[in-house]
Amino acid sequence: MADGYTLCHTSRGVMQEVADAMSRVADTVAAALAEDLGHDAGGGEPAFPAGCDGTTCFLRLNRYPACPFAPDTFGLVPHTDSDFLTILCQDQVGGLQLMKDSRWVAVKPRSDALIVNIGDLFQAWSNNRYKSVEHKVVANAKAERLSVAYFLCPSYDSPVGTCGEPSPYRPFTFGEYRRKVQDDVKRTGKKIGLPNFLKQSPVDAMNHGLCF
Ligand SMILES: O=C(O)CCC(=O)C(=O)O
Ligand SMILES: [Fe+2]
């Protein structure tokens, strides 16, 4: 039987392999999506996404225990991801749902497929051409569910940038974005996210009595 040290060492190696493989998928998909918006990686434009590497991206292992109060219980509350892209590998239990045309749609598990979610930073960079998808996880009454998510994030001091002006968003760094999200959640219990960074912010407009 493996001792604790060997087990940790082996798991670390496996996790690194998974992270490396998912990182390659994330970089390839991000480059293809950016190219579709006219971004010319070989033509002197700054690399996209800027400031992401093995020290800024991360892997999250999610475990959702079976819950007798399913399906009225969240495994994960509705949210958007605060990154460029998320690559997700889910098991066969199911429970992930995404918001499409104002309705929750179940994402059917497929053993031969990974899920790619657009995150807030890609929405900002693309001037809203790509939309950060709202998603949630609904608990399962009988089975435990596992998923592995890889988050393509830049360093905190990286400007998020834009594929071209005019952008609806003012310039901001990822660090600023994270801090604002954390402050809002602490203060109000909710993430506001991108609307805080609009040049013409609906939040400001409301505060100045311009919106009813
Ligand atoms: O477990 C899943 O399917 C979703 C995980 C997720 O949305 C997240 O970790 O942000
Ligand atoms: Fe998520």
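What follows is a walk through a predicted model of a protein chain with an iron ion, from its overall build to its local details.

The protein chain has four helices and eight strands. Read from the N terminus, these elements come in the order α-β-β-β-β-β-β-α-β-β-α-α. The C-alpha atoms occupy a box of roughly 60 × 45 × 30 Å when it is taken along the principal axes. Of the 212 residues in the chain, 34% are buried. The accessible surface comes to about 12800 Å², and carbon and sulfur atoms account for 57% of that area. Contacts across the sequence can be described as well: among those between residues at least 6 apart, 76% join residues at least 24 apart.

One stretch of the chain carries an annotation. An unreviewed UniProt entry lists residues 53–154 as "domain: Fe2OG dioxygenase". In the model this span is 43% strand and 6% helix. The C-alpha atoms at the two ends of the span lie 7 Å apart.

The iron ion (ligand 2) is the next stop. Its protein donors are NE2 of His-79, OD of Asp-81 and NE2 of His-135, at 2.1 to 2.2 Å from the ion. Along the chain these donors follow the spacing H-x1-D-x53-H. The two histidines link distant parts of the chain, being 56 residues apart, with His-79 in strand β2 (residues 74–79) and His-135 in strand β7 (residues 135–138). The two also fall into separate accessibility classes, for which the limit between buried and partly exposed is 20% relative accessible area. His-79 has a relative accessibility of 21% and therefore counts as partly exposed. His-135 has a relative accessible area of 6%, so this residue is buried.

Away from the metal, a nonpolar patch lies on the surface. Val-14, Met-15 and Leu-61 make up this patch, which covers about 250 Å². Leu-61 belongs to strand β1 (residues 58–64). With a relative accessible area of 52%, Leu-61 is exposed.

Charged pairs come next. The whole structure contains eight salt bridges. One of them joins Glu-165 and Lys-199, with an N to O distance of 3.3 Å. This pair also links distant parts of the chain: Glu-165 is in the loop between β8 (145–152) and α3 (174–188), while Lys-199, 34 residues apart from it, is in the loop between α3 and α4 (202–207). Glu-165 counts as exposed at 58% relative accessibility, and Lys-199 is partly exposed at 48%.

Another salt bridge is formed by the side chains of Glu-176 and Arg-170, at 3.1 Å from N to O. Both partners are partly exposed: Glu-176 has a relative accessible area of 27%, and Arg-170 has a relative accessibility of 33%. Beyond this pair, Lys-180, Asp-184 and Arg-187 are joined into one network by salt bridges that share partners.

The backbone has some features that call for a look at the loops. Most peptide bonds are trans, and most residues other than glycine have a negative phi. Against that background, the peptide bond from Ala-70 to Pro-71 is cis, with omega near 0 degrees. Pro-71 sits in the loop between β1 and β2. Glu-165, already met as a salt-bridge partner of Lys-199, is joined to Pro-166 by a cis peptide bond with omega about 5 degrees. Pro-166 is in the loop between β8 and α3.

Which sign does phi take at Asp-101? Phi of this residue, which is not glycine, is positive, near 50 degrees. Asp-101 is in the loop between β4 (96–100) and β5 (103–106). Its relative accessibility is 66%, so Asp-101 counts as exposed. Asp-101 also forms a salt bridge with Lys-100, in which the closest N and O atoms are 3.9 Å apart. Asn-127 likewise has a positive phi, near 55 degrees. This residue lies in the loop between α2 (120–125) and β7, and β7 is the strand that holds the iron donor His-135.

Note on methods: Residues are numbered from 1 along each chain as its sequence is written. Chains are lettered from A and ligands numbered from 1 in the order in which they are written. This is a predicted model: local features need pLDDT of at least 70, side-chain atom pairs count only at pLDDT 80 or more; totals for chains, interfaces and linings use all residues. Side-chain values use heavy atoms; hydrogens and water are left out. Donors are N, O and S atoms within 2.8 Å of the metal (3.2 Å for Na, K and Ca); water is not among the atoms, so sites may look incomplete. Buried means under 20% relative accessible area, exposed over 50%, partly exposed in between (1.4 Å probe, protein chains only). UniProt positions are given in the numbering used here, feature names are shortened, and annotations may be inferred rather than shown by experiment. Patches are made of residues with over 30% relative accessible area and no salt bridge: like charges are joined within 9 Å, nonpolar side chains (Val, Leu, Ile, Met, Phe, Trp, Tyr) within 5 Å. Accessible areas come from the Shrake-Rupley method with a 1.4 Å probe; for residues, only the protein chains shown count as cover. A salt bridge is a side-chain nitrogen of Lys or Arg within 4 Å of a carboxyl oxygen of Asp or Glu. Contact means heavy atoms within 4.5 Å.
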